[in-house]
Amino acid sequence: MKHFIYCLCFGLLVHSASGQGINVTGKVTSVEENIPLPGVNVIVQGTGSGTVTSINGDYSLEVPSSESVLVFSFVGYISQEITVGNQNNINVSLAADQAQLEEIVVIGYGTQKKSDLTGAVSRVDGESIQNKSYTQVTEMLAGQVAGVYTNQSPSPAGGGAIEVRGPTSLTGGTSPLIVLDGVIFNGNIADINPSDIENVDILKDASSAAVYGSKAASGVVIITTKKGTTGKPIINFTAKAGVSEITNDKFRPRNPSQYEGFRRDYFRTVGVANREDWYWDDPADLSQGVSLDQWRNANPNPNSDDTQEYLGRLNFFGTEIEQYLAGETVDWFDEVLRPGFRQNYDLSVGGGSENFKYYWSLGYVDNEGVILGDDFTSVRTRLNVDFAITDWLNVGVNAQYSNRDQSAVPASMNISGISPYSRIYNDEGDLEWY
């Protein structure tokens with residue numbers, strides 16, 4: 001086996017020495033500062049063959065032929081593709097990707113170029129979520145930013161908890177600091193309409209404490225809302241509607257047949273005065289070998305009506321007996337759960353001149369949950385006005401108002417043990433209280 005490996009390696013060396021491959025060397029530097037770039041990927045296009053530059057920016061690579069194309073790529077720089085041709089030495093200068101380096105991000109009480117920023121910052125652009133139906137800001141951040149965890153609520157109000165970098169305290173709060181248009185926001189994040197958001201910047205590392213102090217220990221979520229633009233008024237109106245349903249109905253309560261079987265099995269297991277198992281049988285479906293007279297005589301004082309006797313042995317309540325005799329049952333699953341209709345409407349107007357800009361919005365949300373009575377409605381409005389009085393003085397107002405109605409009382413989901421022979425309403429049409 002060792003001899004075979006030696007011969008294989010020798011064959012590869014002979015192939016290289018035969019002149020079928022071309023050895024290319026060179027150096028990779030940056031255009032701006034003309035300094036060597038270590039760690040640049042040099043790949044032969046269309047193959048898995050490649051190398052990386054050394055600490056001095058040098059590389060050496062064997063390519064199959066003169067038609068091979070070398071791809072030079074490095075994070076933060078624009079990639080280049082060069083055909084080898086008859087060249088044995090190829091030096092490359094990579095230019096910085098200005099689209100990334102010139103991006104402006106919010107860092108506290110100001111802005112800074114992304115290329116000059118050393119902290120861990122992530123951004124969610126408001127345009128990327130405009131065609132999606134979100135009730136709260138936390139929903140639009142779910143799955144969008146690495147290191148940001150949001151617990152989504154199944155309620156029609158939506159939203160949920162949000163954490164940056166996970167739990168950071170055993171006993172203290174772990175919610176990040178919310179900054180809205182440059183001001184620390186102490187209100188409920190549910191009051192912010194996702195449709196009003198221009199972008200969201202998230203400061204994830206400890207350097208954010210240099211701006212906001214100890215309140216930034218759990219990260220900072222910086223929300224920038226939309227502003228008016230110069231030109232004619234722009235009117236936007238969006239309407240979104242949908243239906244929410246449960247995806248698993250395996251927790252349905254017992255149907256009439258299952259409920260009677262449950263009662264029989266219970267008494268057979270517990271045992272009452274050492275009765276036979278067939279004592280709790282339905283007289284219309286007795287066990288094999290048991291006669292109706294034998295079944296009735298098992299009780300020293302049976303009811304004259306076989307059905308009443310059967311229901312009494314199962315210890316049915318009076319309402320259950322009435323429902324059973326009337327042939328009426330209730331499917332509590334269908335009574336408690338429903339398809340929830342969701343609707344969301346947003347109207348906004350923005351515009352302005354060179355010295356005056358305005359943005360006004362009005363949003364209405366009406367969501368039904370899958371549980372009867374679980375409803376959420378909200379009216380949210382925002383007004384952003386900016387006056388450029390002089391070259392050095394701007395005066396503006398950012399105001400919002402929200403009215404949320406979460407007073408609904410959802411039905412109880414404790415329906416697994418409710419009898420299908422119970423009753424919802426009494427003879428007067430009022431709820432039948434248990």
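The following exercises, each with a worked solution, concern a predicted model of a protein.

**Exercise 1. Overall composition**

Task: State how many helices and strands the protein has, what share of its residues is buried, and how its accessible surface is made up.

Solution. Begin with the secondary structure: the protein contains nine helices and 21 strands. Next, take the burial of its residues. Of the 434 residues, 35% are buried. Then turn to the surface, whose accessible area is about 25300 Å², with 53% belonging to carbon and sulfur atoms. Finally, consider the contacts between residues at least 6 apart in sequence: 58% of these join residues at least 24 apart.

**Exercise 2. The five-stranded sheet**

Task: Give the strand order of the open sheet of five strands, and explain why S17 and S21 each have one side without a neighbour in the sheet.

Solution. First, write down the order, which is S17-S18-S19-S20-S21, with antiparallel pairing. Second, locate the edges: strand S17 (231-244) and strand S21 (394-405) occupy them, and each has a single partner strand, so one side of each lacks a neighbour in the sheet. Third, consider the orientation of neighbouring strands, which are turned by 5 degrees against each other on average, direction ignored.

The pair at one end can then be examined in detail. Strand S20 (residues 375-388) is joined to S21 by 12 bridges in the antiparallel sense. Within this pairing, Arg382 stands opposite Gln400 in S21. The two strands S20 and S21 form a hairpin, with five residues between them.

**Exercise 3. Strand S16 and its partners**

Task: Determine whether strand S16 is largely enclosed or largely open, and describe its pairing with S13 and S15.

Solution. Start from burial, for which the cut-off is under 20% relative accessible area. Five of the six residues of strand S16 (residues 220-225) are buried, so the strand is largely enclosed by the rest of the structure. Now take the two partners in turn. Strand S13 (residues 177-180) runs parallel to S16 and is joined to it by four bridges; here Leu180 has Ile223 as its bridge partner in S16. Strand S15 (residues 197-203) pairs with S16 in the antiparallel sense over six bridges, and Leu203 stands opposite Val220.

A residue in the loop that precedes S15 may be added. Ser195 lies between strand S14 (183-184) and S15. With a relative accessible area of 14%, Ser195 is buried. Leaving out residues up to four places away in sequence, Ser195 touches Gln130, Lys226, Asp346 and Tyr359.

**Exercise 4. Helices H7 and H8**

Task: Identify the buried residues of H7 and of H8, and state what covers them.

Solution. For helix H7 (residues 306-313), the buried residues are Glu309, Tyr310, Leu311 and Arg313. Their cover includes helix H5 (256-270), helix H6 (292-297) and helix H8 (318-326). The ends of H7 come next. At the N-terminal end, Asp305 acts as a cap, with a side-chain oxygen 3.0 Å from the backbone nitrogen of Thr307. Just after H7, Asn315 adopts a positive phi of about 60 degrees.

For H8, the buried residues are Glu320, Ile321 and Gln323. They span an arc of only 165 degrees around the axis, which places them on the same side of H8. The cover over these residues includes H5 and H7. Just after H8, Gly327 has a positive phi of about 70 degrees.

**Exercise 5. The surroundings of Trp295**

Task: Classify Trp295 as buried or exposed, and list its contacts beyond its neighbours within four places in sequence.

Solution. Place the residue first: Trp295 belongs to helix H6. Its relative accessibility is 0%, so Trp295 counts as buried. Once neighbours within four places are set aside, Trp295 is in contact with Trp278, Tyr279, Asp281, Pro283, Leu286, Val290, Asp306, Glu309, Tyr310 and Arg313. Among these contacts, Glu309, Tyr310 and Arg313 are also buried residues of H7. As a last step, consider Asp282, 13 residues from Trp295 along the chain: the C-alpha atoms of the two are separated by 9.6 Å.

Terms used. Residues are numbered from 1 along each chain as its sequence is written. This is a predicted model: local features need pLDDT of at least 70, side-chain atom pairs count only at pLDDT 80 or more; totals for chains, interfaces and linings use all residues. Side-chain values use heavy atoms; hydrogens and water are left out. Buried means under 20% relative accessible area, exposed over 50%, partly exposed in between (1.4 Å probe, protein chains only). Contact means heavy atoms within 4.5 Å. A polar contact is a pair of N or O atoms within 3.5 Å; within protein, one must be able to donate a hydrogen and the other to accept it, and residues adjacent in sequence count only if both atoms are side-chain atoms. Two strands pair if DSSP finds at least two bridges between them. Axes are lines fitted to C-alpha atoms, for helices over the stretch in contact, and angles run from 0 to 180 degrees between N-to-C directions. Accessible areas come from the Shrake-Rupley method with a 1.4 Å probe; for residues, only the protein chains shown count as cover. The arc is that of the directions from the helix axis to the C-beta atoms.
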